[in-house]
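Reader: Please take a close look at one part of this model and the surroundings it sits in. I would like a single connected account.

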Amino acid sequence: MNLFRSIFQFKCPNCRKGSLFVNSNPYKLRDLNKMHERCSKCNLKFSLEPGFYQGAAYVSYGFQVLNSLIVFNLLFWFTNIHWKDIIYYILAFIIILTPYIVVISRSVWIHMFVKHRSKKI
Ligand SMILES: [Zn+2]
């Protein structure tokens, strides 16, 4: 499994086999942010230090800005919607995408700090 598949399928960054999250569907809001304590395959501890995932907020911010720019440019250049009304579409996209952005940001964050070891186990 390559890096991007591992990130987008929320897999362990070390072995790329075990799941990061208890429920891989981010839209099951009750289980949002619930992560396994350790990888079920390689026993990697997912919380590297207390407050480790606070840094994922920066990744989340970047994704939301990127999404907002994409939505704005698509609607501005390819529709007749006034730019002031586009803000409401952007807000709707932000609200709809937030659960997914939260989990993908955590996945990106841990993949930034843990290297893949393909030979392990
Ligand atoms: Zn693992």
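Author: His111 belongs to helix H3. In this predicted model, His111 has a relative accessibility of 10%, which is under the 20% limit, so His111 counts as buried. Setting aside neighbours within four places in sequence, the contacts of His111 are Leu3, Ser6, Ile7, Lys11, Cys12, Pro13 and Leu20.

One of those contacts, Cys12, leads to the metal site. The zinc ion is coordinated through the SG atoms of Cys12, Cys15, Cys39 and Cys42, at 2.2 to 2.3 Å. The angles among the 4 donor atoms run from 105 to 117°, and the site is tetrahedral. Along the chain, the donors of the zinc ion are spaced as C-x2-C-x23-C-x2-C. Cys12 and Cys15 are both buried.

Two residues in the loop between H1 and H2 have an unusual sign of phi to note. Arg16 lies in that loop and, although not a glycine, has a positive phi of about 60°. Its relative accessibility is 13%, so Arg16 counts as buried. Phe10 is also placed in the loop between H1 and H2, with phi near 55°, again positive in a residue other than glycine. Phe10 counts as buried because its relative accessibility is 6%.

Phe10 also takes part in ring pairing. The model has 8 aromatic pairs in total. In one of them, the ring centres of Phe10 and Phe21 are 5.6 Å apart and the planes stand at 85°, so this pair is edge-to-face. Phe10 and Phe21 both lie in the loop between helix H1 (3-8) and helix H2 (56-78), so the pair ties together parts that are 11 residues apart in sequence. Phe21, like Phe10, is buried. Another pair is made by Phe52 and Tyr53, with ring centres 4.8 Å apart and planes at 80°, so it too is edge-to-face. Phe52 and Tyr53 are both buried, and together with Trp109 and Phe113 they form one aromatic cluster.

The nonpolar core comes next. In soluble globular proteins, nonpolar side chains tend to be buried together. Here the largest nonpolar core has 21 residues, and those with the most contacts inside it are Cys12, Cys39, Leu44, Phe46, Tyr53 and Ile110. H2 and H3 are the elements that give two or more residues to this core. H3 gives the most, with 5 residues. Two of the zinc ligands, Cys12 and Cys39, are thus among the residues with the most contacts inside the core.

Phe46 shows how these parts meet. Beyond its neighbours within four places in sequence, Phe46 is in contact with Cys12, Pro13, Ser19, Leu20, Met35, His36, Glu37, Arg38, Cys39, Phe52, Tyr53 and Ile110. That list includes the zinc ligands Cys12 and Cys39, as well as Phe52 and Tyr53 of the aromatic cluster. It also shares Cys12, Pro13 and Leu20 with the contacts of His111.

The two helices that supply the core can be described further. H2 has 23 residues and reaches 33 Å from its first C-alpha to its last, close to the 33 Å expected at 1.5 Å a residue. Its buried residues are Ala56, Val59, Ser60, Gln64, Asn67, Ser68, Val71 and Leu75. H3 is included in what covers the buried residues of H2.

Trp83 is placed in helix H3 (residues 83-113). With a relative accessible area of 43%, between the limits of 20% and 50%, Trp83 is partly exposed. Outside its neighbours within four places in sequence, Trp83 is in contact with Phe72 and Phe76. Gln64, one of the buried residues of H2, is 19 residues from Trp83 in sequence and 18 Å from it in space, C-alpha to C-alpha.

Pro26 brings the account back to the loop between H1 and H2, where it lies. Pro26 has a relative accessible area of 7% and is buried. Its contacts, apart from neighbours within four places in sequence, are Leu32, Pro99, Tyr100 and Val103. Pro26 and Ile101 are 75 residues apart in sequence, yet their C-alpha atoms are 8.8 Å apart in space.

Definitions and conventions
Residues are numbered from 1 along each chain as its sequence is written. This is a predicted model: local features need pLDDT of at least 70, side-chain atom pairs count only at pLDDT 80 or more; totals for chains, interfaces and linings use all residues. Side-chain values use heavy atoms; hydrogens and water are left out. Donors are N, O and S atoms within 2.8 Å of the metal (3.2 Å for Na, K and Ca); water is not among the atoms, so sites may look incomplete. Four donors count as tetrahedral if all angles lie between 85 and 135 degrees; four count as square planar and six as octahedral if opposite donors are over 155 degrees apart and all others between 65 and 115; anything else is irregular. Buried means under 20% relative accessible area, exposed over 50%, partly exposed in between (1.4 Å probe, protein chains only). Rings of Phe, Tyr and Trp (its six-membered ring) pair if their centres lie within 6.5 Å; planes under 30 degrees apart count as stacked, over 60 as edge-to-face and the rest as tilted. Helices (H or I, at least four residues) and strands (E, at least two) are DSSP runs, numbered from the N terminus. Contact means heavy atoms within 4.5 Å. A nonpolar core is a set of buried Ala, Val, Leu, Ile, Met, Phe, Trp, Tyr and Cys residues joined through side-chain atoms within 4.5 Å. The expected span of a helix is 1.5 Å times one less than its number of residues.
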